[in-house]
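Work through the exercises below with the sequence and the 3D structure open. Each task sentence is followed by a solution in steps.

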Amino acid sequence: MATMIIEGDRAKAASGKTYEVRNPATGEVVDVVPAGGPADVDKAAQAAHKAFQTWSRLPANQRREILHKAAQHMLTKIEEIAVILTKEQGKTLLESRLEAKRFGENIGWFADLADKVHGQHVKLPDTTTYGLVVRKAIGVCGAIVPWNFPLTLAANKVAPAIAAGNTVVLKPASTTPLSTLACIEALIEGGLPEGVVNVVLGQATGEAIVEHPLIRKIALTGSTPTGKRVMAKAAEQLKKVTLELGGSDPCIVLDDADLEGAARAISVGRFFNCGQQCLSTKRLFVQEGVYDALMEKLIARASKLKPGNGLDKDSRMGPMHTETQRAEVEAQIKDAVDRGATVVYGGGRPKGGDYDKGWFIEPTILENVPDGARMWTEEVFGPALPVRRIKDLDEGIRLGNDTQFGLGSSIWTGSMASAHRAVQELEAGYTWVNALVIAHDELPFGGTKQSGFGKEHGVEAFLQYTEEKSVVYGGVG
Ligand code: NAD
């Protein structure tokens, strides 16, 4: 049975309660884990608070070295961690390996910033004084993570937090705790001091983290409704929040686009991770002149994405993560079809044999989806893509912005002028021009509108785990 990680303790829940983590491809139990609650969060917050006293005072170059060593050790365990991730989440082994690798690399990337981000020296009018702006770690930070990219999204929070000298209480999604435990355990084996990152498990620990008075900052990746609840609760103690929430990213393809490149990017953008991605191609707008040619290419690519158990070498798309999640996407497809949409590829479940044991679904492409359909107005968190013909860029930008969300966006065009307009006018935290929808460590990532605020990745993320303090030194003249 798995345990929580609270300082040196490999802890069961104070209540003694447990729950099962099941494999989405087979329904089999992968492990039994503690169902923690407020008492466990309190223990973890106390441990993190104690660890903060030493961790935050370490010379920054020592923190950098410890984190690099820990990350290197974790990276030797990619294969075993990838298998755990596939079993609990469903994604293919290839996707799991990439994600496990990203976890270690992310820790290393932020480790390098530990002693590279400086404050300021400020000259004051009175020359017997001078000012400093110093950057300090905040304290204990809460990290709350969803199930779609359990490791990537944990690292996005943990890596900048601990590099800046904070300590963490981390809560994975209740259905994907095991690979996260394995990664943190590997960091500790590699030299990360106990107590710097503590992992609590169970649905009830999320709210308890937001409420705990020792936890000074909350970073959440999750749905927009969860973000609103967390922000309201955090406001009671005026905690800092970073919210990475839902998205419905538009992609515009114009007549002068590289269609092969666009088809590849859209296929990866919509079907990677069985479509359960925040940054993703979720609404496709294609100019009339290339519509038919692009659809042909997209259908050809979708037909190669064989669904299957993520552990099988020839699977190209794992199952959806839960039965509820699959039912939600199926309901969104049905709503579109009931309103008159046409399914041009997929639309159902692969059936028979092992398929009947898991939450499998076909990659799906729809056209003629009418205005007002759920696929246009809601986030579609699965492998189903609505496509619409557009006359020109104006229409693409208008439709692209016609959403409450503002996470990512992309455009495919051979025209610098069209690309520039899209970059200026699309309301989103990211715009890709003729490029795969992939987030880069160097670029700050985060949404606008109801996709949240605050940044992960980049120096900006590191800064958000620090507080500035102004200092005046007098009597020096
Ligand atoms: P979710 O909002 O249901 O849960 C996310 C996490 O928040 C889980 O760990 C959950 O236990 C916890 N949680 C739920 N209610 C809480 C509360 N009241 N207080 C504290 N914690 C609470 O999301 P999900 O279904 O796990 O993930 C899918 C969603 O995440 C999608 O909307 C997706 O777009 C979004 N997402 C966003 C990004 C991004 O970077 N913007 C990345 C990945 C996923």
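A polar contact is a pair of N or O atoms within 3.5 Å. The model used in these exercises is predicted.

**Exercise 1. Polar contacts of the ligand**

Find which N or O atoms of Gln203, Gly222 and Thr226 lie within 3.5 Å of a ligand oxygen, and state how much of the ligand the protein buries.

Step 1. Start with Gly222, where a backbone N or O atom is 3.3 Å from an oxygen atom of the ligand. With the cut-off of 3.5 Å, this pair is a polar contact.

Step 2. Go on to the side chains. In Thr226, a side-chain N or O atom lies 2.6 Å from a ligand oxygen. In Gln203, the side chain places an N or O atom 3.4 Å from an oxygen atom of the ligand.

Step 3. Turn to the surface. The ligand taken alone exposes 850 Å², and the protein buries 89% of that area.

Step 4. Locate the surroundings in the fold. Two or more residues of the shell come from each of α7 (205-211), β10 (215-221) and α8 (224-235).

**Exercise 2. The shell around the ligand**

Describe the residues around the ligand by distance and by type.

Step 1. There are 27 residues around the ligand, and those that come nearest are Val145, Thr226, Leu245, Cys278 and Glu379.

Step 2. By type, the shell holds 14 nonpolar, eight polar and five charged residues.

**Exercise 3. Aromatic pairs**

Classify the pair of Trp147 and Phe381 and the pair of Tyr430 and Trp432 by the angle between the planes.

Step 1. The whole structure contains eight aromatic pairs.

Step 2. For Trp147 and Phe381, the ring centres are 5.5 Å apart and the planes meet at 80°. Planes over 60 degrees apart count as edge-to-face, and this pair is edge-to-face.

Step 3. Place the two residues in the chain. Trp147 is in the loop between β7 (140-144) and α5 (150-163), and Phe381 is in the loop between α12 (374-377) and β16 (384-390), so the pair ties together parts 234 residues apart in sequence. Trp147 is buried at a relative accessible area of 17%, and Phe381 is buried at 15%.

Step 4. For Tyr430 and Trp432, the centres are 4.2 Å apart with 5° between the planes, and the pair is stacked. Both residues are buried. Together with Phe445, Tyr430 and Trp432 form one aromatic cluster.

**Exercise 4. Charges over rings**

Over which rings do Lys217 and Arg389 lie?

Step 1. The charged end of Lys217 is over the ring of Tyr465, at 4.3 Å from the ring centre.

Step 2. Arg389 lies over the face of Tyr291, and the distance to the ring centre is 3.9 Å.

**Exercise 5. Buried or exposed?**

Decide whether Thr403, His321 and Phe52 are buried or exposed.

Step 1. Thr403 is in the loop between α13 (393-400) and β17 (410-412). Its relative accessibility is 14%, so Thr403 counts as buried. The side chain of Thr403 also reaches the backbone nitrogen of Phe405 at 2.9 Å.

Step 2. His321 is in the loop between α10 (288-302) and α11 (323-338). His321 has a relative accessible area of 5% and is therefore buried.

Step 3. Phe52 belongs to helix α1 (residues 38-55). Phe52 is buried, with a relative accessible area of 14%. The C-alpha atoms of Phe52 and Asn166 are 6.2 Å apart, although 114 residues separate the two along the chain.

Note on methods. Residues are numbered from 1 along each chain as its sequence is written. This is a predicted model: local features need pLDDT of at least 70, side-chain atom pairs count only at pLDDT 80 or more; totals for chains, interfaces and linings use all residues. Side-chain values use heavy atoms; hydrogens and water are left out. A residue is near a molecule or strand if one of its heavy atoms lies within 4 Å of it. A polar contact is a pair of N or O atoms within 3.5 Å; within protein, one must be able to donate a hydrogen and the other to accept it, and residues adjacent in sequence count only if both atoms are side-chain atoms. Accessible areas come from the Shrake-Rupley method with a 1.4 Å probe; for residues, only the protein chains shown count as cover. Helices (H or I, at least four residues) and strands (E, at least two) are DSSP runs, numbered from the N terminus. Ala, Val, Leu, Ile, Met, Phe, Trp, Tyr, Cys and Pro count as nonpolar, Asp, Glu, Lys and Arg as charged, and the others, Gly among them, as polar. Rings of Phe, Tyr and Trp (its six-membered ring) pair if their centres lie within 6.5 Å; planes under 30 degrees apart count as stacked, over 60 as edge-to-face and the rest as tilted. Buried means under 20% relative accessible area, exposed over 50%, partly exposed in between (1.4 Å probe, protein chains only). A charge sits over a ring if NZ of Lys or CZ of Arg is within 6 Å of the ring centre and within 35 degrees of the ring normal.
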